[in-house]
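Reader: I would like a close look at one part of this protein before going on to the rest. Please take the surface as the starting point and explain each term as it comes up.

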Amino acid sequence: MGVGRGLLLVLAILAVCCLPALFALVFCADEILDRVACGWAEWREQRRERRTIARLDRAIEAESLTRDIDLTEFDREGRRPLEQLAIDLRRLGGHRLAAADRSVVWHGAVIDAYDERLRAACGALGIAEHLAELEGVDREIERVRVEGLLHAAGLTLPAARPGHHQRHR
């Protein structure tokens, strides 16, 4: 009977030692379950995103999109960073839209500077443009076409009319 009582004593001490952990588990069960559920949902979402990206890469053959881009053009000495071109285009685009109270000479200079930045951005992104060869309405139409292509490439420019957002498909 001595061994049985010793074993019972050990189990009683073990139960008393584990009692605080058991209480904590009971009182925090909802938080523990919430953390497990959130972790599981986050893992599933990341897995779903990775699978979707992999499917998109296969569907559009991502490598074929960049195959024709000359990457040495980005390392050329004196090349303006694309971020700076985007800032210049937004600034000049704002001036171009607010030119109603300015002189014709000033407006023409702003348009020429804007077109020069459009050509530089197109060159950096490998987009064909014909702004230098055109005049008048044809040049304005080409400017809209180029703005649409740059927008499709991820470069957001000011809209043609104040208060409207640029939308190109």
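Where does the largest share of the nonpolar patch come from, and how many residues is that?

Author: The largest share comes from H1, which gives six residues to the nonpolar patch. This is a predicted model, in which local features need pLDDT of at least 70 and side-chain atom pairs count only at pLDDT 80 or more, whereas totals for chains, interfaces and linings use all residues. Residues are numbered from 1 along each chain as its sequence is written, and side-chain values use heavy atoms, with hydrogens and water left out.

The patch itself is made by Leu19, Leu22, Phe23, Leu25, Val26, Phe27, Ile32 and Val36, and has an area of about 800 Å². Patch members have over 30% relative accessible area and no salt bridge, and are joined within 5 Å for nonpolar side chains (Val, Leu, Ile, Met, Phe, Trp, Tyr) or within 9 Å for like charges. The areas come from the Shrake-Rupley method with a 1.4 Å probe, and for residues only the protein chains shown count as cover. Helix H1 (2-27) and H2 each supply at least two residues of this patch; helices (H or I, at least four residues) and strands (E, at least two) are DSSP runs, numbered from the N terminus. Phe27, one of the patch residues, has its place in helix H1 and counts as exposed at 64% relative accessibility. The cut-offs behind that word are under 20% relative accessible area for buried and over 50% for exposed, with partly exposed in between (1.4 Å probe, protein chains only).

Helix H2, which spans residues 29-60, also takes part in a surface feature of another kind. A positive patch is formed by Arg44, Arg47, Arg50, Arg51, Arg55 and Arg58, where Lys and Arg count as positive and Asp and Glu as negative, while His and the chain ends are not counted. The place of each charge is taken as NZ of Lys, CZ of Arg, CG of Asp or CD of Glu. Among the residues of this patch, Arg44 lies in helix H2 and is partly exposed, with a relative accessible area of 40%.

Other charged side chains of helix H2 are paired. Side chains of opposite charge can pair when their charged atoms come close. The structure holds nine salt bridges, each being a side-chain nitrogen of Lys or Arg within 4 Å of a carboxyl oxygen of Asp or Glu. In one of them Arg35 meets Glu31, with 3.0 Å from N to O; because these two are four residues apart in helix H2, about one helical turn separates them. Arg35 counts as exposed at 60% relative accessibility, whereas Glu31, at 43%, counts as partly exposed. Another salt bridge joins the side chains of Arg48 and Glu45 at 2.9 Å, N to O, and here the partners are three residues apart in helix H2, so that they too are separated by about one helical turn. Arg48 is partly exposed at 40% relative accessibility, and Glu45 is partly exposed with a relative accessible area of 35%.

A further salt bridge joins the side chains of Arg143 and Asp115, at 2.7 Å from N to O. Arg143 lies in helix H6 and Asp115 in helix H5, so the pair ties together parts that are 28 residues apart in sequence. Both Arg143 and Asp115 are buried. In addition, Asp88, Arg91, Glu116 and Arg117 are linked in a network of salt bridges.

To place these parts in the whole, the protein has six helices and zero strands, and 18% of its 169 residues count as buried. The largest nonpolar core has 15 residues, of which Leu89, Tyr114, Leu118, Ala121, Leu150, Leu155 and Leu157 touch the most other members; such a core is a set of buried Ala, Val, Leu, Ile, Met, Phe, Trp, Tyr and Cys residues joined through side-chain atoms within 4.5 Å. Helix H4 (82-97), helix H5 (104-125) and helix H6 (136-152) are the elements that give two or more residues to this core, and H5 gives the largest share, five residues. Leu118, in helix H5, is buried with a relative accessible area of 0%, and its C-alpha atom is 8.5 Å from that of Leu131, which is 13 residues away along the chain. Val146, in helix H6, is likewise buried at 0%, and the C-alpha atoms of Val146 and Leu131, 15 residues apart along the chain, are separated by 8.7 Å.
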